[in-house]
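I sat down with this one today to look up a few spots, and I kept my notes short. Come along if you like.

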Amino acid sequence: MIKRTLVFSTPFCLSLKNSQMIINTREMPDMKRSVPIEDIGCVVLEHQQTTVTLPLLNALSDNNAAVILCGENRMPNAMLLNLDSNSTQGESYRAQIDASEPLKKGLWRQVVEAKIRNQAALLDSLGRDGSRLKPLYMNVKSGDADNREGIAAKIYWSELFGRDFVRHRDGDSPNDMLNYGYSILRAAVARALMGSGLFPAFGIFHRNRYNAFPLADDIMEPYRPFVDRIVHRLHAENRRELTKEVKGELLRVLFADTRFDKTMRPLDVGLTFTSSSLAGCFAGTRKKIAYPMLE
């Protein structure tokens, strides 16, 4: 089932009653809406005066919903995730922790290959020269020893937004739109990983003492072009400000069609395929991570 993503950009009061999220305002306390907790996959709390009860947060956590907290700049700042969302979590954690270095390098090779393939596919779909990336995703070395990911990125961004564009977290538009879309994607990936019994703090490649979710950063890489496609369209339409409407467009990335072999699923569901396959790789029951091919 496709889970709902709820964004609260005005000061709502959120509470729990009968396994439902109750939504109302201080000005009109009798005007209430409700949403079943089991239908919610992601909640974005954007307005600084939004109030949320602890029972609601616990209910969302129990149902493995990702809760994203935004800062004063209305950009995602933190996430709330369940620490006990899978019945075989302990066993999965042990397999993840005990993963050998050759295994992790092999998994990172798969991630890099899938990412560059999807970048090339996006460029081709937009009439750009995706063939320039083909030599880079063919025969990626274990651990991406020759940094094909970085080499591909320079070509990719130049083809996608022009030679003058520099991808930087604090750079000019459309960097802010990319940041927002990636934050939403990262939360959804972390949620899927937790649901598969994996701990997002144990990364494959990303290792930063200040990063609580390096595994989510690893696994989301091949999904980034799905965000890039939306941002490119918005940029082409001359929609350069991160408005409420633009944020709504970016949130729709979770419902983008993703193809796995002969199966088409919304991206939010596709993430569960990827995360469960990764758990299988750690457990030794699979050899390959399941990633979709962007079309």
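Before my first entry I need one cut-off: a polar contact is a pair of N or O atoms within 3.5 Å, and within protein one of them must be able to donate a hydrogen and the other to accept it. I also remind myself that this is a predicted model.

**Entry: Asp218**

I started with Asp218, which I found in helix H7, residues 214-219. Is Asp218 buried or exposed? I read a relative accessible area of 0%, and because buried means under 20%, Asp218 is buried. Then I asked which backbone atom the side chain of Asp218 reaches. I found the backbone nitrogen of Ile204, at 2.5 Å. That value lies within the 3.5 Å cut-off for a polar contact. Leaving out residues up to four places away in sequence, I listed what Asp218 touches: Trp108, Val111, Gly203, Ile204, Phe205, His206 and Tyr291.

**Entry: the second largest pocket**

Next I looked up the second largest pocket and noted a volume of about 450 Å³. I saw 17 residues in its lining, and the closest to its centre are Lys288, Ile289, Ala290, Tyr291 and Pro292. Two elements give two or more residues to this lining, helix H3 (101-125) and strand S9 (257-260). Which element gives the largest share of the lining? I found that H3 does, with six residues. By type, I wrote down seven nonpolar, two polar and eight charged residues.

**Entry: Pro266**

I moved on to Pro266, which lies in strand S10, residues 263-266. Pro266 has a relative accessible area of 15%, so I put it down as buried, the limit being under 20%. Not counting residues up to four places away in sequence, Pro266 touches Ile2, Leu254, Phe255, Ala256 and Thr258. I also looked up Val253, 13 residues from Pro266 along the chain, and the C-alpha atoms of the two are separated by 8.9 Å.

**Entry: the cavity**

How many cavities of 30 Å³ or more does the structure hold? I found one. The largest cavity has about 40 Å³ of space in it. I copied out its lining: Lys3, Arg4, Thr5, Gly41, Cys42, Ala188, Arg191, Leu254 and Asp268. S1, S5 and H6 are the elements that give two or more residues to this lining. The lining divides into three nonpolar, two polar and four charged residues. I met Leu254 in my Pro266 entry too, as one of the residues Pro266 touches.

**Entry: helix H9**

Helix H9 covers residues 244-251, and I noted its buried residues as Val246, Lys247, Glu249, Leu250 and Leu251. What do these buried residues pack against? My list reads strand S1 (4-8), strand S5 (40-45), helix H6 (175-195) and helix H8 (224-236). For my own memory, residues three or four places apart in an α-helix point the same way, because there are 3.6 residues a turn.

**Entry: a four-stranded sheet**

Last, I traced an open sheet of four strands in the order S4-S3-S2-S6, with mixed pairing. The edge strands are S4 (33-36) and S6 (51-52), each pairing on one side only. I then checked strand S2 (residues 13-17) against strand S3 (residues 20-24) and found antiparallel pairing over five bridges. Which residue of S3 is the bridge partner of Leu16? I found Met21.

Note on methods:
Residues numbered from 1 in each chain as written. Predicted model: local features only at pLDDT ≥ 70, side-chain atom pairs only at ≥ 80, totals over all residues. Heavy atoms only, no water. Buried < 20%, exposed > 50% of the residue type's maximum accessible area, 1.4 Å probe, protein only. Contact = heavy atoms within 4.5 Å. 1 Å grid on protein atoms, 1.4 Å probe; cavity = no way out; pocket = protein on both sides within 12 Å on 5 of 7 lines; lining within 4 Å. Points joined across faces, edges and corners; volume = space filled by probe spheres on them. Nonpolar A, V, L, I, M, F, W, Y, C, P; charged D, E, K, R; others polar. Pairing = 2+ DSSP bridges.
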